[in-house]
Amino acid sequence: MQEPPSSTPEGSLIDPEVHVESFRQAREARRLELVEDYVELIADLIGDGGEARQVDIAARLGVAQPTVAKMLKRLAEDGLVQQRPYRGVFLTASGEALAAQSRERHRIVERFLCALGVSPETARRDAEGIEHHVSAETLDAFRRFADGRSNA
């Protein structure tokens with residue numbers, strides 16, 4: 001197992017440019033987290049019942065309908081959803097692709113946590129937050145680890 005490199009002596013600050021990039025990456029992940037959660041939920045609702053209604057989205061996310069309406073407007077402006085009067089919300093091709101990508105990230109993180117010995121229920125809940133904040137490199141390492149454990 002590879003030890004993480006010690007980039008700075010204990011107690012001292014890291015290089016400002018590295019610090020800036022770390023915070024920029026975290027802010028971007030938080031911004032995308034909500035978008036990914038919405039498109040993934042919309043895809044799940046459509047898959048389960050053929051449509052995603054604003055009231056169902058609000059109930060599943062535990063937020064008020066005006067909050068959902070505001071977010072759906074943003075998703076529509078971003079080209080991820082289409083809203084049809086009296087018909088609910090539907091994903092565009094871009095929205096479907098983002099939902100599939102988010103779902104795959106979730107599955108990889110969940111499998112990784114289970115491979116570490118975390119209970120399936122806890123792994124499912126924890127993966128919901130972690131999936132949005134790991135880099136492609138880290139996600140690939142999670143996948144390799146989980147694949148190695150499932151083949152053992």
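In this predicted model, a convenient place to begin is Ile57, which makes contact with Tyr38, Leu41, Ile42, Leu45, Ala52, Val68 and Leu72 when residues up to four places away in sequence are left out. Ile57 belongs to the largest nonpolar core, a group of 20 residues. Within this group, Ile57 is one of the five residues that touch the most other members, and the remaining four are Ile42, Leu72, Leu75 and Leu91. Several parts of the chain meet here: at least two core residues come from each of H1, helix H2 (54-61), helix H3 (65-77), strand E2 (88-91) and H4. Helix H1 is the top contributor, giving 7 residues to this core. A separate core of 9 residues is also present, and its members include Ile108, Ala127, Val134 and Leu139.

With these cores in mind, the overall layout can be followed along the chain. The protein chain contains 6 helices and 2 strands, and from the N terminus on the order of elements is α-α-α-β-β-α-α-α. Of the 152 residues in the chain, 29% are buried. Among contacts with a separation of 6 or more, 52% link residues that are 24 or more positions apart.

The two strands deserve a look of their own. Strand E1 (residues 81-84) and E2 run antiparallel and are joined by 4 bridges. One bridge pairs Arg84 with Gly88 in E2. Together the strands form a hairpin, with 3 residues between them. Tyr86 sits in the loop that connects E1 and E2. What is the phi of Tyr86, a residue that is not a glycine? The value is positive, at about 65°. As background, most residues other than glycine have a negative phi. Is Tyr86 buried or exposed? Its relative accessible area is 87%, so Tyr86 counts as exposed, the cut-off for that class being over 50%.

Ala146 offers a contrasting case. This residue lies in helix H6 (residues 136-151). Ala146 has a relative accessibility of 4% and therefore counts as buried, since the limit for buried residues is under 20%. Which residues does Ala146 touch, beyond those up to four places away in sequence? The contacts are with Arg111, Phe112 and Ala115. The chain also brings Ala146 and Glu110 to a C-alpha to C-alpha distance of 9.2 Å, although 36 residues separate the two in sequence.

Glu110 appears again in the lining of the second largest pocket, alongside Asp37, Glu40, Leu41, Asp44, His106, Arg124, Arg125 and Glu128. Helix H1 (16-49), helix H4 (93-115) and helix H5 (120-130) are the elements that each give two or more residues to this lining. Which element provides the largest share of the lining of the second largest pocket? That element is H1, with 4 residues. The space in the second largest pocket comes to about 210 Å³. In chemical terms, the lining of the second largest pocket divides into 7 charged residues, 1 polar residue and 1 nonpolar residue. Leu41 links two parts of this account: Leu41 helps to line the second largest pocket, and Leu41 is also among the residues touched by Ile57. Helix H1 likewise appears in both settings, as the element that gives the most to the largest nonpolar core and as the source of the largest share of the lining of the second largest pocket.

Technical notes: Residues are numbered from 1 along each chain as its sequence is written. This is a predicted model: local features need pLDDT of at least 70, side-chain atom pairs count only at pLDDT 80 or more; totals for chains, interfaces and linings use all residues. Side-chain values use heavy atoms; hydrogens and water are left out. On a 1 Å grid over the protein atoms alone, a cavity is a set of points where a 1.4 Å probe fits but cannot get out, and a pocket is an open set with protein on both sides within 12 Å along at least five of seven lines; lining residues have an atom within 4 Å of a point. Grid points are joined across faces, edges and corners, and a volume is the space filled by probe spheres set on the points. Ala, Val, Leu, Ile, Met, Phe, Trp, Tyr, Cys and Pro count as nonpolar, Asp, Glu, Lys and Arg as charged, and the others, Gly among them, as polar. A nonpolar core is a set of buried Ala, Val, Leu, Ile, Met, Phe, Trp, Tyr and Cys residues joined through side-chain atoms within 4.5 Å. Buried means under 20% relative accessible area, exposed over 50%, partly exposed in between (1.4 Å probe, protein chains only). Contact means heavy atoms within 4.5 Å. Two strands pair if DSSP finds at least two bridges between them.
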